Amino acid sequence: DQIVSATVETFLNEWGMTGVEQKPQLAFSWLDPAPLKIGLRPLQAQRVVRLTAIGVLGSRNLQWSVNATIEVQTAAAYSHEIEIDPRLIVTSVSIQEDAANRLLRWTRTGNILHVFLRDKTTGTQTLAVQGTMPSQVPQEMALPTMRFVDANVLDAKLQLYQEPDLE
């Protein structure tokens with residue numbers, strides 16, 4: 001009711017800003033000034049992930065390795081979060097960008113692996129997560145799962161091997 005669409009040219013003329021480089025995309029006229037409430041929220045980093053999971057099945061445990069390329073888009077990221085299988089015991093985490101170590105520290109809270117970076121980034125990182133999971137032979141078992149939070153997985157590969165003493 002109180003706000004109507006206006007042309008960008010009219011807006012710029014009324015404000016004496018005809019020579020500006022960056023012009024607004026939209027303009028409105030406010031017929032009856034009233035308090036205007038604006039909700040702001042931080043822009044969330046979106047991630048594009050390509051990963052390879054490698055498992056080596058032994059008679060007592062499964063050695064599990066995930067190597068992922070994470071491309072950060074839309075906003076800077078200071079950390080990555082990964083939902084991991086509760087059965088997986090994480091033994092090491094590393095992350096690099098342009099051959100430089102980017103890992104500040106990592107921690108696990110429940111089923112969430114938090115990977116904290118040394119500084120914000122909008123580039124591409126290579127993440128490696130190593131872990132083990134107890135197993136018993138003979139038995140059927142589900143492979144461990146990992147899900148990257150706020151990420152779109154474009155490509156995922158699985159390589160599964162067994163130790164020579166298993167058939």
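**View A. A nonpolar patch on the surface of the predicted model.** A surface patch is here a group of residues that each have over 30% relative accessible area and no salt bridge, with nonpolar side chains (Val, Leu, Ile, Met, Phe, Trp, Tyr) joined within 5 Å. The structure is a predicted model, and the close-up centres on a nonpolar surface patch of about 840 Å². The residues that make this patch are Ile-3, Leu-26, Phe-28, Trp-30, Leu-36, Ile-38 and Leu-40. Leu-36, one of these residues, is found in the loop that runs between strand 2 (27-30) and strand 3 (46-57). With a relative accessible area of 55%, Leu-36 is exposed, and because a patch residue must have over 30% relative accessible area, this value is consistent with the place of Leu-36 in the patch.

**View B. The whole chain, shown for orientation, with one helix and 12 strands.** Read from the N terminus on, the elements run β-α-β-β-β-β-β-β-β-β-β-β-β. The radius of gyration is 25 Å, well over the 15 Å that the globule rule gives for 167 residues, so the chain is more spread out than a compact globule. Taken along the principal axes, the box that the C-alpha atoms fill comes to roughly 80 × 35 × 25 Å. Of the 167 residues in the chain, 30% count as buried.

**View C. The open sheet of six strands, in the order 7-6-10-4-3-12.** The pairing within this sheet is mixed. Strand 7 (100-101) and strand 12 (151-162) stand at the edges and have a single partner strand each, so one side of each is left without a neighbour in the sheet. Further in, strand 4 (residues 61-73) and strand 10 (residues 124-134) run antiparallel and are joined by 11 bridges. A residue pair to look for along this contact is Thr-69, which stands opposite Thr-126 in strand 10.

**View D. Strand 3 with its partners, strand 4 and strand 12.** Strand 3 runs antiparallel to strand 4, and 12 bridges join the two. The connection between strand 3 and strand 4 is a hairpin that passes through three residues. With strand 12, by contrast, strand 3 pairs in the parallel sense, over 11 bridges. Gly-55 can serve as a reference point for both contacts: Gly-55 stands opposite Trp-64 in strand 4, and the bridge partner of Gly-55 in strand 12 is Leu-160.

**View E. The open sheet of four strands, in the order 8-9-5-11.** In this sheet the pairing is antiparallel. The edges are taken by strand 8 (103-109) and strand 11 (146-148), each of which has a single partner strand, so one side of each is left without a neighbour in the sheet. From one strand to the next, the twist averages 20°. Strand 5 (residues 77-84) and strand 9 (residues 112-121) run antiparallel and are joined by six bridges, and along this contact Ser-79 stands opposite Phe-116 in strand 9.

**View F. A salt bridge between strand 5 and strand 11, formed by Glu-83 and Arg-147.** Side chains of opposite charge can pair when their charged atoms come close. Here the side chains of Arg-147 and Glu-83 meet in a salt bridge, at 2.6 Å from N to O. Arg-147 lies in strand 11 and Glu-83 in strand 5, so the pair ties together parts that are 64 residues apart in sequence. Each of the two side chains can be followed to the surface values of its residue: Arg-147 is partly exposed, with a relative accessible area of 42%, and Glu-83 likewise counts as partly exposed, at 32% relative accessibility.

**View G. Two further salt bridges, Arg-87 with Asp-85 and Glu-97 with Arg-102.** The salt bridges come to four by count, and this view takes in two pairs besides the one described for Arg-147 and Glu-83. Between Arg-87 and Asp-85, the closest N and O atoms are 2.9 Å apart. Arg-87 counts as partly exposed at 34% relative accessibility, whereas Asp-85, at 7%, counts as buried. In the other pair, the side chains of Glu-97 and Arg-102 meet at 3.1 Å, N to O, and both Glu-97 and Arg-102 are buried.

How values were computed: Residues numbered from 1 in each chain as written. Predicted model: local features only at pLDDT ≥ 70, side-chain atom pairs only at ≥ 80, totals over all residues. Heavy atoms only, no water. Pairing = 2+ DSSP bridges. Patch = residues over 30% accessible without salt bridge, like charges linked within 9 Å, V, L, I, M, F, W, Y side chains within 5 Å. Areas by Shrake-Rupley, 256 points an atom, 1.4 Å probe, with all protein chains shown as cover. Buried < 20%, exposed > 50% of the residue type's maximum accessible area, 1.4 Å probe, protein only. Axes fitted to C-alpha atoms, helices over the stretch in contact; angles between N-to-C directions. Rg over C-alpha atoms; globule rule 2.2 N^0.38 Å.
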